[in-house]
Amino acid sequence: MSKNSTYLLAIESSCDDTAAAILHNDTVLSNVVAGQEVHKKYGGVVPELASRAHQQHIVPVVHEALRTAGIDKNQLSAIAFTSGPGLMGSLLVGTSFAKSLAMGLNIPLIDVNHMQAHILAHFIAEEGYGKPTFPFLALTISGGHTQIVKVTGYFEMEILGQTLDDAVGEAFDKSAKILGLPYPGGPLIDKYAALGNPKAFKFTKPKVGGLDFSFSGLKTAILYFYQAEIKKDPDFVSKNRNDICASIQYTIIQILMDKLRIAVKQTGIKQVAIGGGVSANSGIRKALQDAEQKLGWETFVPKLEYTTDNAAMVGIVGYLKFNESGFNQKGYTENNTVAKARLSL
Ligand code: KG4
Ligand code: ZN
């Protein structure tokens, strides 16, 4: 198999999105995501419902990815899948599907870490999007994680700081829930924030040492603020929705940017890449643009479709492992995750 012509199917099913993508080397040919409306009425992801929905979606989603890419499954060189972190039942659906298909086609199976995928999404070849060079700092912000990672190689990553409680996506979603907005509330807060005054209301930022984060205190502060205000005026939220959203978003972005500034200072690394669902947020994107101009950082923001959970990001990790970790060139080695996954079939 030529190093320069790898067709890879990638599968992502760690939470509530069933996703499949086809990559030709580092280029994405198709990127299909099926969301799950079923969780909306519960205000959060219900794990048992998520795994059942994955079971319903996985076959049509993979078919659609192959069809859009114009690829037959027999052309595939390997299959990559998310092995974790994520919801156990959800992960199992993608894992079992990927394993069975790889076994049926007799091609390698590559396990991918979801958080690594959010970071390495920056290495997808995409016109108009530059790739960071090593070393760089990655801020991974999603519904499950908030981490600052020092990346010195594709698979050399050191977590410098992370949340001690809620993830930043949860801070967005839980604040939205308090305001009566449907799940997931992050994108809605972003939308309303654009119309409001970020300094209208002040929320205290948590005091956490080093590069770690905490968001649970902010959520409680917003709840107390909400309870106090609606006692005075039951229509407080509808009258001030945009300003409240803008103020919450502003506080969250300040918390993230404060820590990033410390990380840049501590490491001397001025290349900063963001990833994960919350990197779709227009406030964090704007804050990074400002940091480029004012602080001389070089920042990397993924294309919107590679920010929230998707399989293209899993595919790029699969491709890099396939070609860079020695599987394709050196064969099986003890530390080779490709080999391990293949042997565990
Ligand atoms: O990476 P992701 O799709 O799934 C996880 O791995 O968690 O991230 C989902 C999170 C949710 O909390 C969602 O509200 C948040 O990303 N999110 C946003 C925006 N778009 C998605 N948060 C703020 N602003 C957005 N525009
Ligand atoms: Zn994610």
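These notes cover the surroundings of ligand 1 and the contacts of one asparagine in a predicted model.

1. Placement. Ligand 1 sits in the largest pocket. The shell around ligand 1 takes at least three residues from each of two domains: domain 1 (3-122 + 307-324) and domain 2 (130-301).

2. Shell composition. There are 19 residues around ligand 1, and those that come nearest are Gly 143, Asp 173, Asp 190, Gly 277 and Asp 309. By class, the shell holds 11 polar, 5 nonpolar and 3 charged residues.

3. Helices. Three helices each give at least two residues to the shell around ligand 1: H3 (114-120), H4 (168-178) and H5 (186-193).

4. Polar contacts of the ligand. Two glycines face oxygen atoms of ligand 1 through their backbones: a polar backbone atom of Gly 143 is 2.8 Å from one such oxygen, and a backbone N or O atom of Gly 169 lies 3.3 Å from an oxygen of the ligand. A side chain also takes part, with a polar atom of Asn 281 lying 3.0 Å from a nitrogen atom of ligand 1. On its own, ligand 1 has 550 Å² of accessible area, and the protein covers 90% of that.

5. Asn 31. This residue belongs to strand E3, which spans residues 27-34. The side chain of Asn 31 has two partners to check in the model. One is the side chain of Glu 305, with which the Asn 31 side chain makes a polar contact at 3.0 Å. The other is the backbone nitrogen of Ala 312, which lies 3.3 Å from a polar side-chain atom of Asn 31.

Key
Residues are numbered from 1 along each chain as its sequence is written. Chains are lettered from A and ligands numbered from 1 in the order in which they are written. This is a predicted model: local features need pLDDT of at least 70, side-chain atom pairs count only at pLDDT 80 or more; totals for chains, interfaces and linings use all residues. Side-chain values use heavy atoms; hydrogens and water are left out. A residue is near a molecule or strand if one of its heavy atoms lies within 4 Å of it. A polar contact is a pair of N or O atoms within 3.5 Å; within protein, one must be able to donate a hydrogen and the other to accept it, and residues adjacent in sequence count only if both atoms are side-chain atoms. Accessible areas come from the Shrake-Rupley method with a 1.4 Å probe; for residues, only the protein chains shown count as cover. On a 1 Å grid over the protein atoms alone, a cavity is a set of points where a 1.4 Å probe fits but cannot get out, and a pocket is an open set with protein on both sides within 12 Å along at least five of seven lines; lining residues have an atom within 4 Å of a point. A molecule sits in a cavity or pocket if more than half of its atoms lie within 2 Å of its grid points. Helices (H or I, at least four residues) and strands (E, at least two) are DSSP runs, numbered from the N terminus. Ala, Val, Leu, Ile, Met, Phe, Trp, Tyr, Cys and Pro count as nonpolar, Asp, Glu, Lys and Arg as charged, and the others, Gly among them, as polar. Domain bounds come from an automatic or database domain assignment.
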